[in-house]
Amino acid sequence: MSKNFKGKLFVFSAPSGSGKTTIVRHLLNQKKFNLEFSISATSRAPRGSEVHGEDYYFISANEFKQKIKADEFLEWEEVYRDNFYGTLKTEVERIWALEKHVIFDIDVAGGLRIKNKFPNETLSVFVKPPSIDELKIRLKKRSTESEDKINMRISKASVELATAPQFDKIIKNYKLAVALKEAENLVADFLGITNTVSNEE
């Protein structure tokens, strides 16, 4: 294994409910891309069947703050009060040690910070939902959060949508099959490999 391996970074950001997680999971299943998921750290409690070390690294708010002081994060954000998310520097090191490329399913602000830190190695992609109304419908269908939390996410989404032009590419997730093909083509192009999937329906 080469210690000098420096892979690419693929950042997928979007308002909650836009479908970025579905796109990222699809890309991870494409073995030709040699991708590994960057597991974010969070101070929130696990939801549903979420597993520590697979979905997130679940740590306390106090521990999170200590790691911020110790400069252990590539990026971090306090999304809501005492509700932190971030990417540990060791996570990218872990994936590059496997000689794989890193894929992020990450908050908009965090995604832009990664791009700023690794401008040449990163492809940043913004996943755009059909509309704010559609976003609200998708979040309600999840049935994982209160009406208040959903409304907070919706107001945050309006702000996040305004950042879309700062990303390298925008995928409009109006029709999932089309968005998945577009995502594949973007990743293949950035890696300089031929993708056999056409963009046509």
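This tour proceeds through the two sheets, the hairpin, the packed helices and the pockets of the structure. The model is a predicted one.

**First stop: the parallel sheet**

Select β1, β2, β7, β8 and β9 and display them as a cartoon. These strands make an open sheet of 5 strands with parallel pairing, in the order β2-β7-β1-β8-β9. The edge positions belong to β2 (35–37) and β9 (169–172); each has a single partner strand, so one side of each is left without a neighbour in the sheet. On average, and with direction ignored, neighbouring strands here are turned by 25° against each other.

Next, restrict the selection to β1 (residues 9–13) and β8 (residues 122–128), a parallel pair joined by 5 bridges. To find a point of register, show F10 and look across to β8, where L123 stands opposite. As background, strands of a sheet pair through backbone hydrogen bonds, either parallel or antiparallel.

**Second stop: the mixed sheet**

Now hide that selection and show β3, β4, β5 and β6. They form an open sheet of 4 strands with mixed pairing, and its order is β4-β3-β6-β5. Here the edges are β4 (56–58) and β5, each of which pairs on one side only. For this sheet, too, the average turn between neighbouring strands is 25°, direction ignored.

Colour β5 by accessibility. Which residues does strand β5 span, and is it mostly covered or uncovered? The strand runs over residues 73–80 and is mostly covered, with 6 of its 8 residues buried.

Two helices should then be added to the view. The first, α2, lies across β3 (40–42), β5 and β6 and runs at about 45° to β6. The second, α6, packs on the sheet and touches β5 and β6; the angle between its direction and that of β5 is about 125°.

**Third stop: the β5–β6 hairpin**

Zoom in on β5 and β6, which pair in the antiparallel sense over 6 bridges. Two opposed pairs help to trace the register: W76 stands opposite G86 in β6, and E78 stands opposite F84 in β6. In a regular strand the side chains alternate between the two faces of the sheet.

The two strands form a hairpin with 2 residues between them. Select D82, whose place is in the loop between β5 and β6. What is notable about the phi of D82? The phi of D82 is positive, about 60°, although the residue is not a glycine. Most residues other than glycine have a negative phi. Because its relative accessible area is 35%, D82 counts as partly exposed.

A second residue invites the same check: D71, in the loop between α2 (61–69) and β5. D71 likewise is not a glycine and has a positive phi of about 60°.

**Fourth stop: N83**

Move to N83, which lies in strand β6 (residues 83–88). Is N83 buried or exposed? Its relative accessible area is 11%, so N83 is buried, the cut-off being under 20%. Select its contacts as well: leaving aside neighbours within four places in sequence, N83 touches T42, S43, R44, E77, E78 and K149.

**Fifth stop: the largest pocket**

Switch to a surface view and locate the largest pocket, which holds about 1200 Å³ of space. Of the 41 residues that line this pocket, those closest to its centre are K20, T21, Y56, D105 and R142, and these offer a convenient selection for centring the view. At least two lining residues each come from α1 (20–28), β5, β6, β7 (101–106), α5 (132–142) and α6 (147–161). The largest share, 6 residues, is supplied by α1. Coloured by class, the lining divides into 12 nonpolar, 11 polar and 18 charged residues.

**Last stop: the second largest pocket**

Finally, turn to the second largest pocket, with a volume of about 150 Å³. Its lining consists of L28, Q30, K31, N34, L35, E36, F37, I39, R94 and K100. The largest share of this lining, 3 residues, comes from β2, a strand already visited at the edge of the parallel sheet. By class, the lining residues of this second pocket comprise 4 nonpolar, 2 polar and 4 charged.

Technical notes
Residues are numbered from 1 along each chain as its sequence is written. This is a predicted model: local features need pLDDT of at least 70, side-chain atom pairs count only at pLDDT 80 or more; totals for chains, interfaces and linings use all residues. Side-chain values use heavy atoms; hydrogens and water are left out. Buried means under 20% relative accessible area, exposed over 50%, partly exposed in between (1.4 Å probe, protein chains only). Contact means heavy atoms within 4.5 Å. Two strands pair if DSSP finds at least two bridges between them. Axes are lines fitted to C-alpha atoms, for helices over the stretch in contact, and angles run from 0 to 180 degrees between N-to-C directions. On a 1 Å grid over the protein atoms alone, a cavity is a set of points where a 1.4 Å probe fits but cannot get out, and a pocket is an open set with protein on both sides within 12 Å along at least five of seven lines; lining residues have an atom within 4 Å of a point. Grid points are joined across faces, edges and corners, and a volume is the space filled by probe spheres set on the points. Ala, Val, Leu, Ile, Met, Phe, Trp, Tyr, Cys and Pro count as nonpolar, Asp, Glu, Lys and Arg as charged, and the others, Gly among them, as polar.
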